[in-house]
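Visitor: Could you walk me through this one slowly? I'd like to hear how each label is earned.

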Amino acid sequence: MYVCLCHGFTDRDVRAAAAQGCRTPGAVYRAICGEGARCCKCVPEVRSLLREASVASPMQFLDAAE
Ligand code: FES
């Protein structure tokens, strides 16, 4: 499902970015498209997906924090 229409990325892209260590929406945008959000309508959904990823793989998020 498309999450960001301005940049054209999907929930899969956000999950992949989270798996590669992105922990904030800003990090996700930079990793996927090399720039920040434009209209910011998708930021709440990106945050929600990052939260889901942290619940699904908490050890990965702890490892990245160290
Ligand atoms: S919909 Fe993502 S920045 Fe506009």
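**Labels and cut-offs**

Visitor: Why are Arg15 and Asp11 said to be separated by about one helical turn?

Guide: Because they sit four residues apart in helix 1 (residues 11-19). In general, an α-helix has 3.6 residues a turn, so residues three or four places apart point the same way. A helix here is a DSSP run of H or I with at least four residues, a strand is a run of E with at least two, and both are numbered from the N terminus.

A quick note before we go on: this is a predicted model, where local features need pLDDT of at least 70, side-chain atom pairs count only at pLDDT 80 or more, and totals for chains, interfaces and linings use all residues. Residues are numbered from 1 along each chain as its sequence is written, and side-chain values use heavy atoms, with hydrogens and water left out.

Visitor: What makes Arg15 and Asp11 a salt bridge?

Guide: The rule asks for a side-chain nitrogen of Lys or Arg within 4 Å of a carboxyl oxygen of Asp or Glu. The closest N and O atoms of Arg15 and Asp11 are 2.8 Å apart, so the pair passes.

Visitor: Which of the two, Asp11 or Arg15, counts as buried, and why?

Guide: Buried means under 20% relative accessible area, exposed means over 50%, and partly exposed is in between (1.4 Å probe, protein chains only). Asp11 has 14%, so Asp11 is buried, while Arg15 has 38% and is therefore partly exposed.

Visitor: How do you know that Glu52 and Arg15 form a salt bridge?

Guide: Their N to O distance is 3.7 Å, so they fit the rule too. This pair links distant parts of the chain, with Glu52 in helix 3, Arg15 in helix 1, and their positions 37 residues apart. Glu52 is partly exposed, because its relative accessibility is 41%.

Visitor: What joins Asp11, Arg15 and Glu52 into one network?

Guide: Salt bridges that share partners do that. The search of the whole structure turns up three salt bridges, including one between Glu35 and Arg38 at 3.3 Å, N to O.

Visitor: How many disulfides does a search of the whole structure find?

Guide: Zero! A disulfide needs a pair of cysteine sulfur atoms within 2.5 Å. For Cys40, the nearest cysteine sulfur belongs to Cys39 and is 6.5 Å away, so Cys40 is in no disulfide.

Visitor: Are Cys22 and Cys40 buried or partly exposed?

Guide: Cys22 has 8% relative accessibility, so Cys22 counts as buried. Cys40 comes out at 41%, so Cys40 is partly exposed.

Visitor: Why is the reach of helix 3 called close to the expected one?

Guide: The expected span is 1.5 Å times one less than the number of residues. Helix 3 (residues 43-56) has 14 residues and reaches 20 Å from its first C-alpha to its last, against an expected 20 Å.

Visitor: What makes the buried residues of helix 3 line one face?

Guide: Those residues are Val43, Val46, Leu49, Leu50 and Ala53. Seen down the axis, they fall within an arc of 125 degrees, so they line one face of the helix. That arc is taken from the directions from the helix axis to the C-beta atoms. On the other side, Pro44, Arg51 and Val55 are exposed.

Visitor: And which elements does the chain have, from the N terminus on?

Guide: They run β-β-α-α-α-α, giving four helices and two strands. Of the chain's 66 residues, 32% count as buried.
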